[in-house]
Amino acid sequence: MSLLSPLSALAVAADAGTGLVPGVGETLPAADTALALKIEQRLHERSAAADETTALFYLSRAYRPAWESPARVEALVGAVESLRVHGLEPADFDLERLRRTAAEATAEAGIDARAERELLLTDTLAALLFQIRHGKVDPRSLYREWNFTAPPNPYERAGELAAVLRAGDLRAAIEAHAPDLPLYRALQQGLAHYQALADLGDWPKVPAGSTLRPGERSARIPALRARLVADGESGLDEANPNRYEAPMVEAVRRFQARHGLEADGVVGAQTLLALNASPARRVDQIRVNLERLRWVAADLRGDRLLVDIVGYHADLVLDGQSVWTSKVIVGKPTRKTPSLRDSVVNLVFNPKWVVPPTILREDVIPRAARNPDYLASQRLRVVDRSGQTVDPETIDWEGARQSGFPYRLVQQSGADGSLGRIKFSLSNPYVIYLHDTNARSLFRRAERALSSGCVRVEKPVELARILLDDAQAWSAETLETALASGRTRTVDVGREVTVLLHYSTAAVGADGQLQLRNDIYDYDRAILSALAVPRG
């Protein structure tokens with residue numbers, strides 16, 4: 001492994017503000033000196049590609065051993081054994097070898113064995129802290145656009161390692177590395193609950209069939225009743241065993257609320273999907289969402305505009321308080337809204353809409369080819385590279401589907417335009433932004449994965465006023481006047497806020513209870529598979 005000299009490494013660590021405690025200049029007993037030299041040798045023999053956290057940790061202490069206390073070793077083994085409460089696997093850490101190491105008497109071991117023991121334990125602790133705080137899976141391996149805050153560098157992690165080892169209670173210090181978030185704690189409680197249910201086996205399945213509405217009769221009612229009872233419901237009247245009525249309807253509504261569904265008591269496709277998810281499947285889902293939360297926990301602090309993609313909901317938090325919430329419409333499964341960390345760079349009043357390439361290629365050109373009046377009906381204008389209007393009748397629309405389209409399509413501003421009256425421009429390169437909409441009736445739908453990737457906001461005017469952050473210049477009346485003018489205008493925001501487009505199939509509901517939601521983009525499976533890959 002390529003390492004700095006001890007003195008230069010300590011200088012770099014000090015410059016980085018890691019808080020590492022140097023041990024250079026201390027007089028060590030001869031046996032400890034020999035062990036320190038052996039630790040240094042073993043670290044130098046490591047591959048240049050190896051993680052440097054352990055090496056930097058030992059450089060900071062002149063290679064002095066850190067695991068002389070048997071109680072400290074036992075605490076580390078206990079922390080690994082309890083990893084499943086975080087949805088992680090103890091097997092990733094060669095638990096049997098750790099147990100053997102904890103049982104060995106270090107005083108009787110040779111220098112080589114003691115050095116190997118030191119590095120095994122420190123490597124384990126470094127990896128354990130990383131997994132608990134930042135996750136096992138690198139999200140960049142799954143999502144090319146991922147740009148949430150990256151984990152700290154090896155110097156910072158070595159400082160964290162030193163701080164944890166200085167703690168009086170190592171086990172508590174390790175646990176304190178987990179995200180301190182209500183959802184994380186709710187997921188841990190849910191994991192214990194569903195794991196206990198999974199140990200008992202699967203619960204009854206509800207057969208597929210047509211949508212079941214209150215008051216209807218169906219041969220599937222007994223199966224539905226059995227499923228609800230298995231989930232803890234009681235008092236479900238069997239006087240009319242094949243009729244769907246209260247109190248079973250109320251039990252279904254409670255179930256729907258716990259799973260982020262519209263609590264209307266109607267057993268449709270999405271409710272049936274949630275009902276038939278086994279306890280083992282819920283365990284997997286919770287593990288996936290614990291991992292997701294570790295990826296983004298660092299960004300769930302401070303001022304933020306969080307767009308909950310799966311929940312079709314946005315929440316603006318300023319100074320620790322929720323100051324604005326709104327329903328949103330997100331990308332359909334074929335045109336997903338990406339998970340991004342971003343910021344609002346400006347607001348555009350009465351924005352023009354330049355049709356994005358995907359919509360142009362897959363939607364507009366085929367419709368224009370079928371219907372000569374389509375562009376006019378949508379107020380779309382064909383524009384060439386110089387900005388000149390092109391007569392759509394001169395274009396070979398069928399040929400454009402095959403050979404490409406050298407023009408832009410622009411929709412003029414207006415409340416009836418696709419972007420509505422306000423656009424919230426973001427800085428990402430994917431042409432993803434937040435905006436108003438002319439199709440406001442869609443907000444009445446429970447499932448709102450309907451857009452081509454951008455996020456439509458139900459209450460854009462209220463959000464605009466908050467982000468403008470200037471009550472004198474932008475009163476409600478002033479803002480409405482600017483919007484009513486119909487003039488396209490770009491305005492800088494007065495308050496910078498981090499925007500988080502976040503995908504999660506779990507949430508804490510308004511009642512404080514854990515919600516486990518349907519996986520609208522089918523993302524959980526890939527994360528679960530990645531969690532199953534042994535740690536390298």
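Two strands count as paired when DSSP finds at least two bridges between them. In this predicted model, strand β4 (residues 340-349) and strand β9 pass that test comfortably enough to start with: five bridges join them, and the two run antiparallel. Where does F349 of β4 find its partner across the pairing? F349 stands opposite I422 in β9. Strand β9 also has a second partner, since β9 and strand β10 (residues 434-435) pair in the antiparallel sense over two bridges. In that pairing, K423 stands opposite H435 in β10. As for its surroundings, β9 (residues 422-426) has four of its five residues buried, so the strand is largely enclosed by the rest of the structure. K423 turns up once more in a contact of another kind: K423 lies over the face of Y433, at 4.4 Å from the ring centre.

Stepping back to the whole chain, there are 19 helices and 16 strands. Taken along the principal axes, the C-alpha atoms fill a box of roughly 90 × 75 × 55 Å. Of the 536 residues in the chain, 49% are buried. The chain exposes about 25100 Å², and carbon and sulfur atoms supply 50% of that area. How much of the contact list links residues 24 or more positions apart? Among contacts with a separation of 6 or more, such pairs account for 70%.

Next comes the inside. In soluble globular proteins, nonpolar side chains tend to be buried together. Here the largest nonpolar core has 132 residues, and the ones with the most contacts inside it are W67, L125, I174 and F349. Helix α6 (residues 111-134) gives the most to this core, with ten residues. F349, already met opposite I422 in β9, is thus also one of the residues with the most contacts in the core. What does W67 touch, once its neighbours within four places in sequence are left aside? The contacts of W67 are Y58, R72, V73, L76, R117, E118, L121, T122, L125, L165 and L170. That list takes in L125, another of the residues with the most contacts in the core. A second, separate core has 17 residues, including V206, L236, F255 and V267.

Aromatic rings get a look of their own. A pair of aromatic rings is described by the distance of the centres and the angle of the planes. The count comes to 13 aromatic pairs. One of them is formed by Y143 and W295, with 6.4 Å centre to centre and 75° between the planes, which makes the pair edge-to-face. Y143 lies in the loop between α6 and α7 (154-166), while W295 is in helix α13 (residues 279-296), so the pair ties together parts that are 152 residues apart in sequence. Are these two residues buried or exposed? Y143 counts as buried at 12% relative accessibility, because the cut-off is under 20%. W295 is buried too, with a relative accessible area of 6%.

F405 and Y407 form another edge-to-face pair, with 5.4 Å centre to centre and 75° between the planes. In this case F405 counts as buried at 16% relative accessibility, whereas Y407 counts as partly exposed at 27%.

Y143 and W295 also belong to a wider group: together with W146, F148, Y503, Y521 and Y523 they form one aromatic cluster. Y521 has a lysine for company, as K336 lies over the face of Y521, at 5.8 Å from the ring centre.

Finally, the backbone has a few oddities. A cis peptide bond joins A246 and P247, with omega at about 5°. P247 is found in the loop between α10 (221-230) and α11 (248-258). Two residues that are not glycine have a positive phi: Y63, at about 65°, and D94, near 50°. Y63 sits in the loop between α3 (53-60) and α4 (70-81), and D94 in the loop between α4 and α5 (95-103). How do the two compare in exposure? Y63 counts as buried at 4% relative accessibility, whereas D94 is partly exposed, with a relative accessible area of 40%.

Notes
Residues numbered from 1 in each chain as written. Predicted model: local features only at pLDDT ≥ 70, side-chain atom pairs only at ≥ 80, totals over all residues. Heavy atoms only, no water. Core = buried A, V, L, I, M, F, W, Y, C linked by side-chain atoms within 4.5 Å. Buried < 20%, exposed > 50% of the residue type's maximum accessible area, 1.4 Å probe, protein only. Contact = heavy atoms within 4.5 Å. Phe/Tyr/Trp six-rings, centres within 6.5 Å; stacked < 30°, edge-to-face > 60°. Lys NZ or Arg CZ within 6 Å of the ring centre and 35° of its normal. Areas by Shrake-Rupley, 256 points an atom, 1.4 Å probe, with all protein chains shown as cover.
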